[in-house]
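Student: Could you take me on a close look at one part of the interior here? I'd like the contacts and the empty space, with the cut-offs spelled out.

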Amino acid sequence: MSEKERFADTMEFPPETPQPNIYPLSWVRETSKMQEVWEAAQREYWDPEKLSWDTFDPDQYSWEERESIAYWWTLLSVFDASAPPVFAEAMIKTYEDHEEDPVRRCFFSVTRDEQNHEQMCGLAITKLLGHPDAITYTPKTELGKKLQRNAKWLYFNGGRYWNGYKKAVPKYSLAVLFSSFLMGEIAAATIFHQMAKGCEEEVFQEAFRNIGRDEGRHMAICMALMERDYPGLQDENKSIITKQIRAGYLFLSAVLYEPPMEFWDLPDDFIEVQREAETIARNAGFGIPTPEAKLENWRKAMLNLKGVLDRYDIPFPAIPEVGITGEEVLDVDLDEIIPIF
């Protein structure tokens, strides 16, 4: 419609609004579980800046320890920095698809939660390094230089993912998106509850407990929507979900285990450098699980997800890296994946 074109002079009621569009708006409430989750999100909201930072003294750690712990937060930020805009895109989609009012609000709450998680990464990095980001920071140790190179490669890969995500979201229904989001939430809940138990610093314990609780709510959102929509899911969408789960494993392994080198574009010694930093951080009281524990946790998270999808006869992909058999998925394209953490 051009700016000069007028309808009100020629008809009693306006023509239908072309879709997708956020208008017309309505406030339908049908899925009671979503309202319950929204109310929980309102009660449980927290502010990263109001945690017990007064108990945290970065000077008690050596610079190798500080750079190693900051590196873990930087690795996490590759995923958590993408989460607010990812869920903001999904929230817009819930409006364009004229989802129920509590569904829209729940996706708003996830966007808000993920912004907190991103801010937590930034606060931890800034306090540990005395600098607001790991990319322009001047490393104090030889290990710190190697970790900064790792961080730059992680951000490069994350940028490729974000460009792919923006292209992918319009292609898929919300029902397909839910499975990818659920995968990220199951994985996230696993690692944050673990980190809360393993960290000695009070402020980090608080943060991980809060983040883990948030991820549990996010899981509840995905589960409620899947219970609502998946009984009528078409076979075509089931095959897309199978492919997305395999892509999600490859993508999220970078934070939950170690990045598969055939999928991530990284230097040959990337994992060696990361393992060295994790050992130093772990010995300093920052509870990063060992590689063996991470792999077992990742396997359990995948089996939990498989249990959910089995209810709806959605084929689960083979994930040989953790000993799970299933449907072979060979063509994973970074430009088409939608998993999120």
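Tutor: Let's start at His 117, which touches Trp 46, Asp 80, Ile 211, Asp 214, Glu 215 and His 218, leaving out residues up to four places away in sequence (contact means heavy atoms within 4.5 Å). This is a predicted model, so local features need pLDDT of at least 70 and side-chain atom pairs count only at pLDDT 80 or more, while totals for chains, interfaces and linings use all residues. Residues are numbered from 1 along each chain as its sequence is written, and side-chain values use heavy atoms, with hydrogens and water left out.

His 117 sits in helix α4, residues 101-129 (helices are DSSP runs of H or I, at least four residues, numbered from the N terminus). His 117 counts as buried because its relative accessible area is 0% (the cut-off is under 20%, with a 1.4 Å probe and protein chains only). One of its partners, Asp 80, is 37 residues away in sequence, yet the C-alpha atoms are 6.3 Å apart.

Now hop over to Lys 294 in helix α10, residues 291-310. Lys 294 is buried too, because its relative accessible area is 4%. So what does the side chain of Lys 294 reach? It gets to the backbone oxygen of Tyr 257 at 3.3 Å. Beyond its neighbours within four places in sequence, Lys 294 contacts Leu 256, Tyr 257, Glu 278 and Pro 289.

Lys 294 also helps line the second largest cavity, alongside Ala 187, Thr 190, Ile 191, Gln 194, Leu 256, Pro 289, Asn 297, Trp 298 and Ala 301 (a cavity is a set of points on a 1 Å grid where a 1.4 Å probe fits but cannot get out, and lining residues have an atom within 4 Å of a point). That cavity holds about 70 Å³, a volume being the space filled by probe spheres set on the points. Helices α6 (174-198) and α10 each supply at least two of its lining residues.

For the wider picture, there are six cavities of 30 Å³ or more, and the largest has a volume of about 100 Å³. For that largest one, the elements giving two or more lining residues are α2 (63-80) and α5 (142-168).

One caution on confidence: the chain's mean pLDDT is 91, with 96% of residues at 70 or more (pLDDT is the predictor's confidence in each residue, from 0 to 100). The mean is lowest in α6, at 82, and highest in helix α9 (residues 270-283), at 98.

How values were computed
Buried < 20%, exposed > 50% of the residue type's maximum accessible area, 1.4 Å probe, protein only. Polar contact = N/O pair within 3.5 Å; in protein donor to acceptor, adjacent residues only side chain to side chain. 1 Å grid on protein atoms, 1.4 Å probe; cavity = no way out; pocket = protein on both sides within 12 Å on 5 of 7 lines; lining within 4 Å.
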